[in-house]
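Welcome, and please get your viewer ready. We will walk through a few selections together, one stop at a time.

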Amino acid sequence: MRDLMLIGLYSLIAGAVVGLAGAVVLRLLRGRSITVHVCVLLTITVTAVVAGVGTVAQLMFLSGHDLQVVLVTVAASAVVSLGVGTVFGRRLAAAAVWAAQAREQERRMEAGRRDLVAWVSHDLRTPLAGLRAMTEALQDGVVADPRTVAEYHRRIGAETDRMSSLVDDLFELSRIHAGALRLTPTDLPLADIVSDAVAAVTPLAVGRGIRVVAAGERWPMVTGGAAELNRIVSNLLTNSVRYTPANGTIQIEAGRDAREVWLTVSDSCGGIPEADLPRVFDVAFRGTRARTPEGAGGGGLGLAIVRGLVEAHGGRVQAGNITGGCRFEVRLPA
């Protein structure tokens with residue numbers, strides 16, 4: 001019994017020494033990654049076992065051969081334990097990091113959903129109030145002048161189109177987030193897509209005194225869904241028209257390198273604050289009030305739809321500032 005107690009005491013002392021040394025090491029490495037901490041903890045545990053076994057083996061006055069056998073056996077077990085522990089420790093660390101990122105992403109998505117509901121509620125409530133007032137005025141005969149009646153009809157049509165556009169954006173965004181978007185890839189001339197998008201946005205641009213210039217003569221072919229690609233270019237152009245001041249210019253360029261087809265839309269909006277650049281493609285983000293011109297506010301969904309559609313094509317989109325304005329760049333696999 002006394003021998004067993006001595007063996008336990010010596011093993012405890014050896015393990016305690018290793019544990020104290022490991023605690024110092026962990027304190028020095030407190031700024032490192034989770035993987036490093038897990039590996040160090042495993043090393044401390046295995047080293048404590050090896051130290052305890054080695055100490056007891058030496059105190060038992062084993063023969064040199066027997067001592068070597070014990071030490072080799074323990075060392076082999078330690079190597080296996082460290083190898084297996086390191087592999088699973090890295091997986092555990094990766095899982096912990098992934099879980100933290102997932103929680104952070106979930107918080108951002110929840111905040112985005114709340115912002116979206118707030119923005120959409122505002123954007124629907126405002127035109128509905130106007131539609132109700134104009135409809136009641138027409139029904140009650142408050143407005144009888146033909147010119148005024150025609151203006152009321154025009155405004156009702158415009159507000160109806162605006163609300164329909166907002167509903168379409170919501171539907172498109174819900175398809176993207178739900179993974180229900182189904183592309184029909186086709187080889188398409190990018191020139192035709194840009195031409196259609198420019199034609200659609202020209203009335204809005206002309207009304208604001210903005211020139212839309214499609215630069216370049218050799219436009220590449222691109223593979224993707226025709227409607228989705230047209231929506232990407234149209235949303236980028238519409239966004240640029242909304243934020244470009246009167247008499248400004250919007251320029252579209254495109255090209256192809258070894259692996260990608262690229263398209264850029266540059267405007268003279270004055271630039272985007274650096275703090276806002278990472279958020280321009282977030283749902284319901286519209287920038288600061290100082291940057292948003294009067295009457296230029298959209299649903300805050302256009303650029304979010306652009307990102308979703310580009311990523312659905314396996315591409316990427318980014319925004320950056322240039323002299324006097326900003327540039328949106330879309331890159332799709334060639």
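Let us begin inside. The lining of the largest cavity is made up of eleven nonpolar residues, with no polar and no charged ones. Keep in mind as you look around that this is a predicted model.

**Stop 1: the cavity**

To see that lining, select Leu190, Ile193, Val222, Leu229, Ile232, Val233, Val261, Trp262, Leu263, Val330 and Leu332. The space they enclose has a volume of about 100 Å³. How many cavities of 30 Å³ or more does a search of the whole structure find? There is one.

Now colour the elements around it. Two helices, H5 (190-207) and H6 (226-243), and two strands, E5 (260-266) and E7 (325-333), each give at least two residues to the lining.

**Stop 2: histidine 313**

Next, select histidine 313, in the loop that runs between helix H7 (302-312) and strand E6 (316-322). Is histidine 313 buried or exposed? Its relative accessible area is 13%, under the 20% cut-off, so it counts as buried.

Show its neighbours too. Leaving out residues up to four places away in sequence, histidine 313 touches Leu183, Thr223, Gly224, Gly225, Glu228, Leu229, Leu332 and Pro333. Two of these names, Leu229 and Leu332, you have already met in the cavity lining. For a polar contact, look from the side chain of histidine 313 to the backbone nitrogen of glycine 225, at 3.1 Å.

**Stop 3: glycine 54**

Move to helix H2 (residues 34-59) and pick out glycine 54. Glycine 54 is buried, with a relative accessible area of 13%. Then add glutamine 68 and draw a C-alpha to C-alpha distance: the two residues lie 14 apart in sequence and 9.8 Å apart in space.

**Stop 4: serine 174**

Helix H4 (residues 146-177) is where you will find serine 174. With a relative accessibility of 39%, serine 174 is partly exposed. Select isoleucine 305 as its partner for another distance: 131 residues separate the pair along the chain, and their C-alpha atoms are 9.6 Å apart.

**Stop 5: confidence**

Finally, colour the chain by pLDDT. The mean for the protein chain is 80, and 86% of its residues reach 70 or more. Where does pLDDT stay under 50? Select residues 289-297, for which the model has 15 contacts beyond four places in sequence. Where pLDDT is low, the predicted coordinates should not be read in detail.

Key:
Residues numbered from 1 in each chain as written. Heavy atoms only, no water. 1 Å grid on protein atoms, 1.4 Å probe; cavity = no way out; pocket = protein on both sides within 12 Å on 5 of 7 lines; lining within 4 Å. Points joined across faces, edges and corners; volume = space filled by probe spheres on them. Helix = DSSP H or I, 4+ residues; strand = E, 2+ residues; numbered from the N terminus. Nonpolar A, V, L, I, M, F, W, Y, C, P; charged D, E, K, R; others polar. Buried < 20%, exposed > 50% of the residue type's maximum accessible area, 1.4 Å probe, protein only. Polar contact = N/O pair within 3.5 Å; in protein donor to acceptor, adjacent residues only side chain to side chain. Contact = heavy atoms within 4.5 Å. pLDDT = per-residue confidence, 0-100.
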